Amino acid sequence: MGTTPRAEPNLLGFRVNHRTMRADTRRLAELLDRVAGGELTYDRRRATALRTYLGLLCDGIHHHHQTEDDVLWPVLERSAGGEVDLRDLSADHAALDPVLDEVRAGADELVAVLASGAPDQGRARTVAGRLAATLARLSDFLDTHIEQEERLLFPVIRRHVSVADWNSVERAVRRGGSIRFELPRLERYAEPAELAELRAIAGPVLRVLLAVMRPGFRRREAAVFGD
Ligand SMILES: [Fe+2]
């Protein structure tokens, strides 16, 4: 007698979300390197746009990992208790917040330097260099942490977590984030086939939301990254 294969949670949204955090942090570290090197000149308006962007990025990274602690970890303990050891990953999560605070403080400092009547561009480049180093550190940290998390947890989630539990984790991740910031970035970092699958899962609402949110995000992005 055959058995019906068990439905597995779909990890695509999480995988693209992880990639977005990693790639965008790396991209921002490289951007700040160019500002530090004098290749790109920042003024008050652009520094303010960067501060908002980095604030949203840090909020998103914090929220994602907080939701893993609060919602995903209990699901894993209930579904696969003996099979996972979450101590290393939890320690990483605790180490993340001080780095995010450093990023926010660096962005505040850059705005403060460029907000004065006659901004000192040399000082702005020094502050940008420090912020670039902090972002590079955050980026390295996310690369290592997320690779480990996906390697250790994704097979366990596929094997042991029910689709209903997984969907509740995904809902919790979505609930706390800024959809106007997160959704257009998912579109940017998803592969075409992944985007098609996400569209098929979410239905027409995703296409509509992206159409509404894309222009504002592109303007925000141009203010931060444009030459
Ligand atoms: Fe994590």
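Let me start with where H1 meets H7. On the H1 side the residues are Leu12, Gly13, Arg15, Val16 and Arg19, and on the H7 side they are Glu194, Glu197 and Leu198. By class, that contact divides into three nonpolar residues, one polar and four charged. Keep in mind that this is a predicted model.

Now the geometry of that pair. The axes of H1 and H7 come within 10 Å, and they cross at roughly 135°. That makes H1 oblique to H7. The crossing of H1 and H7 is left-handed.

H1 has another partner to show you, H2. What is the handedness of the crossing where H1 passes H2? It is left-handed. The axes of H1 and H2 come within 11 Å and cross at roughly 145°.

Here are the residues for that pair. H1 brings Phe14, Asn17, His18, Met21, Asp24, Thr25, Arg27, Leu28, Leu31 and Leu32. Facing them, H2 brings Leu50, Tyr53, Leu54, Leu57, Ile61, His64, His65, Glu68 and Leu72. The classes here come to eleven nonpolar, five polar and three charged residues. Set beside that the contact of H1 with H7, with its three nonpolar, one polar and four charged.

Stepping back to the whole chain. The secondary structure amounts to eight helices and zero strands, so to speak an α-α-α-α-α-α-α-α pattern when read along the sequence. Taken along the principal axes, the C-alpha atoms fill a box of roughly 80 × 40 × 25 Å.

Last item, the largest pocket. Its volume is about 900 Å³. The lining is made up of 34 residues. Which of them lie nearest the centre of the pocket? Those are Gly13, Glu170, Arg174, Leu183 and Leu186. You have met Gly13 already, in the contact of H1 with H7.

As for which helices take part, at least two lining residues come from each of H1 (12-36), H2 (44-80), H5 (163-176), H6 (179-189), H7 (192-202) and H8 (204-225). H5 gives the most, with seven residues. So H1, H2 and H7, the helices I began with, each contribute to this lining.

By class, the lining of the pocket divides into 19 nonpolar, eight polar and seven charged residues. That is what I have on the pocket.

Notes:
Residues are numbered from 1 along each chain as its sequence is written. This is a predicted model: local features need pLDDT of at least 70, side-chain atom pairs count only at pLDDT 80 or more; totals for chains, interfaces and linings use all residues. Side-chain values use heavy atoms; hydrogens and water are left out. On a 1 Å grid over the protein atoms alone, a cavity is a set of points where a 1.4 Å probe fits but cannot get out, and a pocket is an open set with protein on both sides within 12 Å along at least five of seven lines; lining residues have an atom within 4 Å of a point. Grid points are joined across faces, edges and corners, and a volume is the space filled by probe spheres set on the points. Helices (H or I, at least four residues) and strands (E, at least two) are DSSP runs, numbered from the N terminus. Ala, Val, Leu, Ile, Met, Phe, Trp, Tyr, Cys and Pro count as nonpolar, Asp, Glu, Lys and Arg as charged, and the others, Gly among them, as polar. Axes are lines fitted to C-alpha atoms, for helices over the stretch in contact, and angles run from 0 to 180 degrees between N-to-C directions. Angles under 35 degrees count as roughly parallel, over 145 as roughly antiparallel, 65 to 115 as roughly perpendicular and the rest as oblique. A crossing is left-handed if the near helix is turned anticlockwise from the far one by less than a right angle, and right-handed if clockwise. Contact means heavy atoms within 4.5 Å.
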